[in-house]
Amino acid sequence: MVGVLRIVDLYSGYGKMKVIQGVSFELGKGEIAAILGPNGAGKTTLLNSVFGLAAIHRGEVYFNGTKITGMKPSEIVKRGLSYSPQLDNVFPNLTVEENLLVGSFIRGRDPSVRADIEDVLELFPEIKRRRHQKAKTLSGGERQMLAVARALMTKPSALLLDEPTAGLSPKAASTLMSKVKEIKETRSVAVLLVEQNVAKALEIAERVAVLVSGRIVKEGSAEEFKAVQVESLFFTGK
Ligand SMILES: Nc1ncnc2c1ncn2[C@@H]1O[C@H](COP(=O)(O)OP(=O)(O)OP(=O)(O)O)[C@@H](O)[C@H]1O
């Protein structure tokens, strides 16, 4: 496997508070991997650590072979890693189109931005129809689509997605998951997904790890995980 993102023996948290305790994980080029875990396991903190938003106590993160540990989020985005956080992932008072434009900010006056907005709207016809509507008027599912679309506007080679199915109906969650798969297949974007929703994540993930109390307790191919009662690992860690 060619690793696009490599997390090596990472310990991190907030200030001196320890949350992530010795996590190693590799995301392959063009792969979809999922990190599953219960509330408070440290899933968001792990993504925040990769993206320069949490304090790293020990360990390293490499992106396309470059050490990005300690880099600012803006520098990480420029290298091709994008992040769609769980909360506050769209600007509610901006329209769909304006949100996408803001998403491309890091690219400066790139003349291809307009064409890329049309391109991501083609991928998400549900929000294309609402391009002039403010984000706050979208449904939960449409808003998550916009958040993912916005993350794509930086033209990433890998995408971090924090619980994109949170608060969505089972049908809306499946629609979103199939869009993520389409993004991987049509744009060669690798995806690291963190989820509590095991069933939805397993619809698209090729590789899975289970995070409990800041540590990976099990890791394997999605195939191996089909026979595992993943939620029981959330509580026992075994
Ligand atoms: N900004 C912060 N400052 C201090 N502690 C935090 C901060 N964010 C999270 N924590 C703590 O870190 C731990 C892990 O939280 P985190 O949000 O990473 O878990 P999670 O697995 O993403 O949970 P959920 O599925 O509920 O979103 C929790 O104990 C939480 O209280």
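Which residue in S8 is the bridge partner of Leu 161? The exercises below work towards this and related pairings.

The model is predicted: local features need pLDDT of at least 70, side-chain atom pairs count only at pLDDT 80 or more, and totals for chains, interfaces and linings use all residues. Residues are numbered from 1 along each chain as its sequence is written.

**Exercise 1. Find the bridge partner of Leu 161 and describe the strand pair S7 and S8.**

Step 1. Helices (H or I, at least four residues) and strands (E, at least two) are DSSP runs, numbered from the N terminus. Two strands pair if DSSP finds at least two bridges between them.

Step 2. Strand S7 covers residues 158–162 and strand S8 residues 190–195; five bridges join them, and they run parallel.

Step 3. Leu 161 has Leu 193 as its bridge partner in S8. In the S7 and S8 pair, Asp 162 stands opposite Val 194.

**Exercise 2. Place S8 in its sheet and state how the sheet ends.**

Step 1. The sheet is open, has six strands with mixed pairing, and follows the order S6-S7-S8-S3-S9-S10.

Step 2. At the edges stand strand S6 (81–84) and strand S10 (215–221); each has a single partner strand, so one side of each lacks a neighbour in the sheet. From one strand to the next the twist averages 15°.

Step 3. S3 and S8 are joined by five bridges and run parallel. Leu 36 stands opposite Glu 195 in S8.

Step 4. Helix H6 packs on the sheet and touches S6 and S7, where contact requires C-beta atoms, placed from the backbone, within 7 Å. The direction of H6 makes about 160° with that of S6. Axes here are lines fitted to C-alpha atoms, for helices over the stretch in contact, and angles run from 0 to 180 degrees between N-to-C directions.

Step 5. Helix H7 (residues 170–187) also packs on the sheet, touching strand S3 (32–36), S7 and S8, with its direction at about 140° to that of S3.

**Exercise 3. Decide whether S8 and S9 are buried or exposed.**

Step 1. A residue is buried if 20 or more other C-beta atoms lie within 10 Å of its own, exposed if 12 or fewer, and partly exposed in between; the C-beta atoms are placed from the backbone.

Step 2. In S8, six of the six residues are buried, so the strand is largely enclosed by the rest of the structure. Ala 190, Leu 192 and Val 194 point one way, Val 191, Leu 193 and Glu 195 the other, and all are buried.

Step 3. In a regular strand the side chains alternate between the two faces of the sheet.

Step 4. Strand S9 (residues 207–212) likewise has six of its six residues buried. Arg 207, Ala 209 and Leu 211 lie on one side and Val 208, Val 210 and Val 212 on the other.

Step 5. For contrast, take Thr 175, which lies in H7. Thr 175 is partly exposed, because 17 other C-beta atoms lie within 10 Å.

**Exercise 4. Trace the neighbours of Val 208 on both sides of S9.**

Step 1. Four bridges join S3 to S9, and these strands run parallel. Ala 34 stands opposite Val 208.

Step 2. Six bridges join S9 to S10, which run antiparallel. The partner of Val 208 in S10 is Gly 220.

Step 3. S9 and S10 form a hairpin with two residues between them, and Ser 213 in the turn has a positive phi of about 45°.

**Exercise 5. Relate Leu 193 to the largest nonpolar core.**

Step 1. A nonpolar core is a set of buried Ala, Val, Leu, Ile, Met, Phe, Trp, Tyr and Cys residues joined through C-beta atoms within 7 Å.

Step 2. The largest core has 70 residues, and Leu 193 is among the members that touch the most others, as are Leu 146, Ala 149, Ala 158, Leu 160, Val 180 and Val 191. Helix H6 (residues 140–152) gives the largest share of this core, seven residues.

Step 3. Leaving out residues up to four places away in sequence, Leu 193 touches Ile 32, Ala 34, Leu 161, Ala 201 and Ala 205. Leu 161 is thus listed here as a contact and in Exercise 1 as the bridge partner.

Terms used
Two residues are in contact if their C-beta atoms, placed from the backbone, lie within 7 Å.
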